[in-house]
Structures are given as structure tokens and as C-alpha cells.
Amino acid sequence: MISDKMRDSLNRQIELEGYASFLYLSMAVWCDDAGLSGCAQFMHRQSAEERAHMLRIFHYMSEVGVRAIVPAIPKPPESFDSARSMFEQVFAHEQKVTKSIHELIGLANAENDFSTNHFLQWYVAEQREEEALMRSILDRIKLIGDGPMQLYYIDKEVEAINQAEAAAEAAGGAEA
Ligand code: OFO
């Protein structure tokens with residue numbers, strides 16, 4: 001049995017994952033519009049992953065017999081100053097999600113909620129991987145530069161990263 005406080009906190013995490021899915025979808029649309037097809041594919045896949053993260057919480061809450069709430073998701077921004085600024089915002093959002101997961105684990109520890117703690121461990125590993133991925137993309141953007149001449153190369157880099165991630169998922173190496 002999980003506490004009302006934990007139930008409410010998990011519902012807030014649902015909202016955070018849902019917002020990430022919408023934010024990344026909006027970024028995919030912006031990239032597509034800017035002719036950055038590799039970045040668009042990458043952000044579409046990230047958006048789908050975030051939806052899967054949200055659904056995991058719905059399923060967990062159902063399993064432990066508490067009510068999950070479908071949230072109202074705030075409208076994400078429609079445009080971004082540059083590819084670099086967009087990826088900086090992705091990284092910042094991932095850091096926010098990580099902090100929230102860690103706070104949930106703190107609550108689970110305080111409440112001796114071993115089941116939720118165990119459930120959340122998957123997210124700890126996922127967030128570590130996601131932050132490392134975004135950091136590596138930002139490092140490459142810093143190396144290549146993000147002027148108009150370099151955008152093509154950034155897009156190719158992100159396209160290659162996306163294909164590698166998709167292949168790893170298909171091989172069962174990474175879960176959504
Ligand atoms: Fe689900 O927020 Fe990152 O991956």
C-alpha cells in the first residue's frame with residue numbers, strides 16, 4: 001500500500017513525463033520546419049520515449065491499487081532560438097526530471113515504501129543515460145559550432161546518434 005502523499009507525487013511525475021513528451025514533440029516539429037530532419041527524428045523518438053515513461057507510472061499505480069490521474073499538460077514553446085538552445089532546454093528538462101525522481105526516492109525511503117523505491121530505480125538509470133546523451137550532443141555542438149554553415153553537420157551527427165539509439169533499442173540494449 002502506498003501513501004496518499006506518494007500517490008500525489010507519482011501523479012506529479014506523470015505530468016512531468018507527459019510535459020517532456022509534448023515539449024519534445026514541439027521541438028521535433030520546429031526541427032522539421034527548420035529542415036533539420038535528423039534532429040526531428042531524434043526528438044520524435046525522445047517524445048515517444050517520454051510517453052512510455054509516463055505510461056509506466058500509470059501501470060505501476062494500477063498494479064499497487066491507487067488512482068492515476070490523466071493530467072492537463074501545459075502548452076510547450078513553439079519555437080526555439082537555435083539548435084543549441086533547444087538541446088540546452090532538453091538537458092535542463094532532463095535535469096529537472098532527475099531531481100524529481102531523486103526526491104520521489106527520498107520520499108519512498110522516508111516511508112519505507114520498498115515497492116515504489118524498487119520501481120523508481122529503473123528511472124534512475126534511465127535519467128543517467130539521458131543526461132549523458134544530451135551532454136554528449138551539447139559537447140559536439142560546442143565542437144562543431146552552431147552557425148548556419150555548421151547546422152548541416154550537427155543534424156548529421158544527431159541523425160547518426162538517433163540511428164545508433166534506435167538500433168540499440170531494437171537489439172534490446174535500451175528500454176523506452
Ligand atoms: Fe522521462 O524523462 Fe528523461 O528520459
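# Helix packing, cores and voids in a predicted model

Ser100 is buried, since its relative accessible area of 17% falls under the 20% limit for that class. This residue belongs to helix 3, and the structure described here is a predicted model. When neighbours within four places in sequence are set aside, Ser100 is in contact with Gln13 and Leu16.

## The largest pocket

Ser100, Gln13 and Leu16 are all named among the residues that line the largest pocket. The volume of this pocket is about 240 Å³. Its lining also includes Lys5, Ser9, Arg12, Lys96, Lys99, Glu103, Leu104 and Leu107. Helix 1 and helix 3 are the elements that give two or more residues to the lining, and helix 3 supplies the largest share, 6 residues. By residue class, the lining of the largest pocket divides into 3 nonpolar, 3 polar and 5 charged.

## Helix lengths and the residues that follow

The table sets out three of the helices, with the distance between end C-alpha atoms beside the span expected at 1.5 Å a residue.

| Helix | Residues | End-to-end C-alpha distance | Expected span |
|---|---|---|---|
| Helix 1 | 30 residues | 44 Å | 44 Å |
| Helix 3 | 28 residues | 41 Å | 40 Å |
| Helix 5 | 23 residues | 34 Å | 33 Å |

For helix 5, the end-to-end distance of 34 Å agrees with the expected 33 Å. In helix 1 the distance is close to the expected value, and the distance in helix 3 is likewise close to what is expected.

Residues with positive phi come after these helices. Just after helix 1, Gly35 has a positive phi of about 80°. Gly172 follows helix 5 with a positive phi near 85°. Helix 3 is followed by Asn112, whose positive phi is near 50°. In the case of Asn112, the positive value occurs in a residue other than glycine. Asn112 is located in the loop between helix 3 and helix 4. Is Asn112 buried or exposed? Its relative accessibility is 54%; because exposed means over 50%, Asn112 counts as exposed.

## The nonpolar cores

The largest nonpolar core has 27 residues, of which Phe42, Met43 and Phe87 touch the most other members. Two or more residues come from each of helix 1 (4–33), helix 2 (37–63), helix 3 (83–110), helix 4 (114–144) and helix 5 (148–170). Helix 1 provides the largest share of this core, with 8 residues. A second, separate core contains 23 residues, including Ile14, Met54, Phe58 and Val97.

With neighbours within four places in sequence left aside, Phe42 is in contact with Phe87, Leu133, Met134, Ile137, Val158, Ile161 and Asn162. Phe87 is also one of the contacts of Leu138, which in addition touches Arg84, Glu88 and Phe91 once neighbours within four places in sequence are excluded. Leu138 lies in helix 4. Its relative accessible area is 9%, and because buried means under 20%, Leu138 is classed as buried. The C-alpha atoms of Leu138 and Gln41 are separated by 17 Å, and these residues are 97 residues apart along the chain.

## Helix 5 and the largest cavity

Which residues of helix 5 are buried? They are Ile154, Asp155, Val158, Glu159, Ile161 and Asn162. An α-helix has 3.6 residues a turn, so residues three or four places apart point the same way. The cover over the buried residues of helix 5 includes helix 2, helix 3 and helix 4. Val158, Ile161 and Asn162 are among the contacts of Phe42.

The model contains 1 cavity of 30 Å³ or more. The largest cavity encloses about 30 Å³ of space, and its lining is formed by Ile137, Arg140, Ile141, Ile144, Ile154, Glu157, Val158 and Ile161. Helix 4 and helix 5 are the elements that give two or more residues to this lining. The lining of the largest cavity divides into 6 nonpolar, no polar and 2 charged residues. Ile137, Val158 and Ile161, which belong to this lining, are also among the residues in contact with Phe42.

Terms used:
Residues are numbered from 1 along each chain as its sequence is written. This is a predicted model: local features need pLDDT of at least 70, side-chain atom pairs count only at pLDDT 80 or more; totals for chains, interfaces and linings use all residues. Side-chain values use heavy atoms; hydrogens and water are left out. A nonpolar core is a set of buried Ala, Val, Leu, Ile, Met, Phe, Trp, Tyr and Cys residues joined through side-chain atoms within 4.5 Å. Buried means under 20% relative accessible area, exposed over 50%, partly exposed in between (1.4 Å probe, protein chains only). Helices (H or I, at least four residues) and strands (E, at least two) are DSSP runs, numbered from the N terminus. Contact means heavy atoms within 4.5 Å. The expected span of a helix is 1.5 Å times one less than its number of residues. On a 1 Å grid over the protein atoms alone, a cavity is a set of points where a 1.4 Å probe fits but cannot get out, and a pocket is an open set with protein on both sides within 12 Å along at least five of seven lines; lining residues have an atom within 4 Å of a point. Grid points are joined across faces, edges and corners, and a volume is the space filled by probe spheres set on the points. Ala, Val, Leu, Ile, Met, Phe, Trp, Tyr, Cys and Pro count as nonpolar, Asp, Glu, Lys and Arg as charged, and the others, Gly among them, as polar.
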